[in-house]
Amino acid sequence: MRKIIINGGRPLKGEVAVSGAKNSVVALIPAIILADDVVTLDGVPAISDVESLIDIMTLMGASVDHDGETLTIDPRGVKDIPMPYGKINSLRASYYFYGGLLGRFGQAVVGLPGGCDLGPRPIDLHLKAFEAMGASISYEGEAMRLSTKGQPLKGAHIYMDTVSVGATINTMIAASRAKGRTVIENAAREPEIIDVATLLNNMGAHIRGAGTDIITIEGVEKLHGTRHQVIPDRIEAGSYIAIAAAIGEGIKVTNVLYEHLESFISKLEEMGVRMTVDEDSIFVEKQDKLKAVSIKTSPYPGFATDLQQPITPLLLKAEGRGNIRDTIYEKRINHVAELARMGAHISVLGSQIIYDGPNDLTGAAVKATDLRAGAALVTAGLMAKGTTEISNIEFILRGYSDIIEKLRNLGADIKIIEGD
Ligand code: UD1
């Protein structure tokens, strides 16, 4: 079992570049199944979720060439075979294979998706949309079979009862090659949805309204090859901006789209964080006093649930009392006990996290229980006095590209060791 070891308290400075968006690329790769030619993605992050998806695509018969940040996929050899359960179970976003396979073959046999444990994470909205488009659902052991029984998938009018990123993207993918028009109402508006729509449209799909809450897709018979640049990862950007505000002595975070981070930046400004926003970068100054604030997460353009945990160590540095309410995933609280182990005054009260600051953190042996909790522990470890030892680091490597190298370049004393 590998561990991350951090000798904290070192001032960090310099420049860090944000990689391509994890939550885009995990949808873009399965969407490529729909193409009848080669598709190339640029700006692909070096994360283990991408490796898992490449393994799955290869097992299905796609030919894949991965060279640094460029990923070239020829999906023409993909076969309509049951998906390997172990791999599928390793990441939540494997649900996008339902949309890709259903759109191309009219059927998919896929194991139930895994991913971080943030409490209940149903996929009922995805299935409701596929059923509305003519697919029937049955279960085979640990796998689910979706099938249109030889009929083409047909366009449908779909109202999403809850705003869901995954269900919106999955419906868009499946509908791209369906017969007729699909309308998604109460669609999610995250930037990753626009990114997937852009790829599909460049492959020949007819999608309008991505980024608004009504998306219309006119199905087409065929999709062709293209080349696509993955958007920058706004969650990774926010994580480094939080690190910079917590322990930086002048850090420029580059490859950032400010408009994707407006609610996050507003919160930092409310805390008193001094920053300069440029066209594609944000410079964060060394901070003095920060003010405690309260955070409530909500769907985009609200404060992202994925940034709730990464910003928590910074909140702990602020003076006063504040609370965090995650309205998307109420059980996204696993970082709290670990931060308390490092000396933080933080606890869970009902459906809220309450903290009092400022706190001086002390290094400790802690456990990353999920991806973004892991990011919070890395930040806390960088801030803390002494040595922090983080176990379960596979979660962190699923979503943060080259995190050790990026932090070392800023001056951090951080390394991965083989644990027992
Ligand atoms: C995506 C992101 C994840 C982020 C989340 C919310 C990816 C790969 N993951 O996850 O990082 O934290 O959006 O921004 O992009 N829901 C249902 N039924 C469904 C689907 C969702 O009730 O069929 C509920 C969920 O339990 C949750 C809410 O809807 O409370 C939003 O979830 P959703 O946007 O679907 O999350 P994911 O797409 O899985």
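Start by colouring domain 1 (2-19 + 232-418) and domain 2 (22-229) separately: each gives at least three residues to the shell around the ligand. Keep in mind that this is a predicted model.

**The ligand shell**

Select the ligand and the residues around it. The shell holds 22 residues, and the closest are Asp 124, Leu 125, Ser 164, Gly 166 and Asp 306. Colour the shell by class and you get eleven nonpolar, six polar and five charged residues.

Now show the polar contacts, one residue at a time. At Ser 164, a polar side-chain atom sits 2.6 Å from an oxygen atom of the ligand. At Leu 125, display the backbone, where a polar atom is 2.7 Å from a ligand oxygen. At Asn 23, a polar side-chain atom is 3.1 Å from an oxygen atom of the ligand. Add a surface next: on its own the ligand has 740 Å² of accessible area, and the protein covers 89% of this.

Which elements give two or more residues to the shell? Select helix H1 (22-31), helix H5 (124-132), helix H6 (165-175) and helix H10 (305-317). H5 provides the largest share, three residues.

**From H10 to its flanking strands**

Stay on H10 and add strands S17 and S18; together the three make a right-handed β-α-β unit. S17 (residues 295-297) and S18 (residues 320-326) run parallel and are joined by three bridges. To see one pairing, pick Thr 297, whose bridge partner in S18 is Asp 326.

Next, select S20 (residues 352-357). S18 and S20 run antiparallel, with five bridges between them. Pick Arg 321 here and look across to Asp 356, its bridge partner in S20. While the side chains are displayed, recall that in a regular strand they alternate between the two faces of the sheet.

**Strands S10, S11 and S12**

Move to S12 (residues 214-218) and show S10 (residues 181-185) beside S12; five bridges join the two, which run antiparallel. Thr 182 stands opposite Ile 217 in S12.

Then add S11 (residues 206-208), which is joined to S12 by three bridges, again in an antiparallel arrangement. Here His 206 stands opposite Glu 218 in S12.

What lies between S11 and S12? Five residues separate the two strands of this hairpin. As a last stop, select Gly 209 in the turn, which has a positive phi of about 95°.

Technical notes. Residues numbered from 1 in each chain as written. Predicted model: local features only at pLDDT ≥ 70, side-chain atom pairs only at ≥ 80, totals over all residues. Heavy atoms only, no water. Near = heavy atom within 4 Å. Polar contact = N/O pair within 3.5 Å; in protein donor to acceptor, adjacent residues only side chain to side chain. Areas by Shrake-Rupley, 256 points an atom, 1.4 Å probe, with all protein chains shown as cover. Helix = DSSP H or I, 4+ residues; strand = E, 2+ residues; numbered from the N terminus. Nonpolar A, V, L, I, M, F, W, Y, C, P; charged D, E, K, R; others polar. Domains from an automatic or database assignment. Pairing = 2+ DSSP bridges. Right-handed = clockwise from strand over helix to strand, strands pointing away.
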